[in-house]
Amino acid sequence: ADAVPASITGVTVNCVASGTAVCGTNASAANNVSFTGVNIPVGAGNFLTITVAGTVNPATTGDLVNTATVAVGAGQTDPTPGNNSATDTDTPAAVTDLAISKTDGKTTYTAGPAISYTIVVSNLGPSNAVGASVADAVPASITGVTVNCVASGTAVCGTNASAANNGSFTGVNIPVGAGNFLTITVAGTVNPATKGDQVNTATVQEGAGQTAPPHGHKSATA
């Protein structure tokens, strides 16, 4: 028997008998793995290999603990029952592929009028993003900066910690799923005396205890 944690979904179970062993009846249902009528003659070549597979829910936190047990048949005794149970424990190592894009919809600017940037932050998974942060260092040549965030799906903007030209959001949560993302709007006025390119870079950082894949999409420049 194997009580697979509820945080593992889509569980499948397969048994392969080696030697003259017999898997018996697969009585598994959902996350409750069970085989009855198992026969295993004495001998090193006689054994069962049971594979239990599934998908870890992206929202899973804490240790993943899975214990399997075996019990003797009716009328039989086990001289060493201490080895009739085995537990596998995995500690969490969430991976969140956070992605960010930024644009003002133009390739040129005019000194003097208003300007508005749109930042979109998403999570390509495989784990839910929890406690992430977003930062945007707006050029000093843009004055009267305002920062606004709209969350789509089940995403959460977190805390708007923006001050002056430093756009910032902390405690950002973005579950896996194409419909979950943040749309951040940064607006202001370009100083009439501005010259040269207007370069504006926004970044996103995963939360504590989470890691990002090596390729990364965590910076966007307009």
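This tour moves through the side-chain contacts of a predicted model, from its nonpolar core to its salt bridges and disulfides.

Begin with the core. Select Ile-100, Val-121, Val-134, Ile-174, Leu-182, Ile-184 and Val-186, which touch the most other members of the largest nonpolar core, a set of 26 residues. Colouring by element then shows where this core comes from, since strand 9, strand 10 (114–126), strand 11, strand 12 (142–152), strand 14 (166–174), strand 15 (181–190) and strand 16 are the elements that give two or more residues to it. In soluble globular proteins, nonpolar side chains tend to be buried together.

Keep Val-186 selected and display its surroundings: leaving aside neighbours within four places in sequence, Val-186 is in contact with residues that include Ile-115, Tyr-117, Ile-119, Val-145 and Val-147, and Asp-136 is also one of its contacts.

Asp-136 leads to the next stop, where its side chain meets that of Lys-102 in a salt bridge with an N to O distance of 2.6 Å. The two residues are 34 apart in sequence, with Asp-136 in strand 11 (residues 129–137) and Lys-102 in strand 9 (residues 94–103), and the pair thereby links distant parts of the chain. Asp-136 is buried at a relative accessible area of 4%, and Lys-102 is likewise counted as buried, at 8%. Add Tyr-117 to the view, and Lys-102 is found over the face of its ring, 4.8 Å from the ring centre. A search for aromatic pairs, by contrast, returns zero.

The count of salt bridges is two, and for the other one select Lys-218 and Glu-206, whose side chains meet at 2.9 Å, N to O. Because Lys-218 lies in the loop between strand 17 (210–211) and strand 18 (219–221), and Glu-206 in the loop between strand 16 (201–205) and strand 17, the pair ties together parts that are twelve residues apart in sequence. Here Lys-218 is partly exposed, at 25% relative accessibility, whereas Glu-206 is buried, at 15%.

Now turn to the cysteines, which form two disulfides in the pattern 1-2, 3-4 when bonded cysteines are counted along the chain. Cys-149 and Cys-157 have their sulfur atoms 2.1 Å apart, and both residues are buried; the torsion about their S-S bond is about -80 degrees, so this disulfide is left-handed.

Finish at Cys-15 and Cys-23, joined with an S to S distance of 2.1 Å in a link that is left-handed, with -85 degrees about the S-S bond. Cys-15 is buried at 16% and Cys-23 at 14%, and both belong to another core, of eight residues, that lies apart from the largest one and also has Ile-8 and Val-11 among its members.

Definitions and conventions. Residues are numbered from 1 along each chain as its sequence is written. This is a predicted model: local features need pLDDT of at least 70, side-chain atom pairs count only at pLDDT 80 or more; totals for chains, interfaces and linings use all residues. Side-chain values use heavy atoms; hydrogens and water are left out. A salt bridge is a side-chain nitrogen of Lys or Arg within 4 Å of a carboxyl oxygen of Asp or Glu. Helices (H or I, at least four residues) and strands (E, at least two) are DSSP runs, numbered from the N terminus. Buried means under 20% relative accessible area, exposed over 50%, partly exposed in between (1.4 Å probe, protein chains only). A nonpolar core is a set of buried Ala, Val, Leu, Ile, Met, Phe, Trp, Tyr and Cys residues joined through side-chain atoms within 4.5 Å. Contact means heavy atoms within 4.5 Å. Rings of Phe, Tyr and Trp (its six-membered ring) pair if their centres lie within 6.5 Å; planes under 30 degrees apart count as stacked, over 60 as edge-to-face and the rest as tilted. A charge sits over a ring if NZ of Lys or CZ of Arg is within 6 Å of the ring centre and within 35 degrees of the ring normal. A disulfide is a pair of cysteine sulfur atoms within 2.5 Å.
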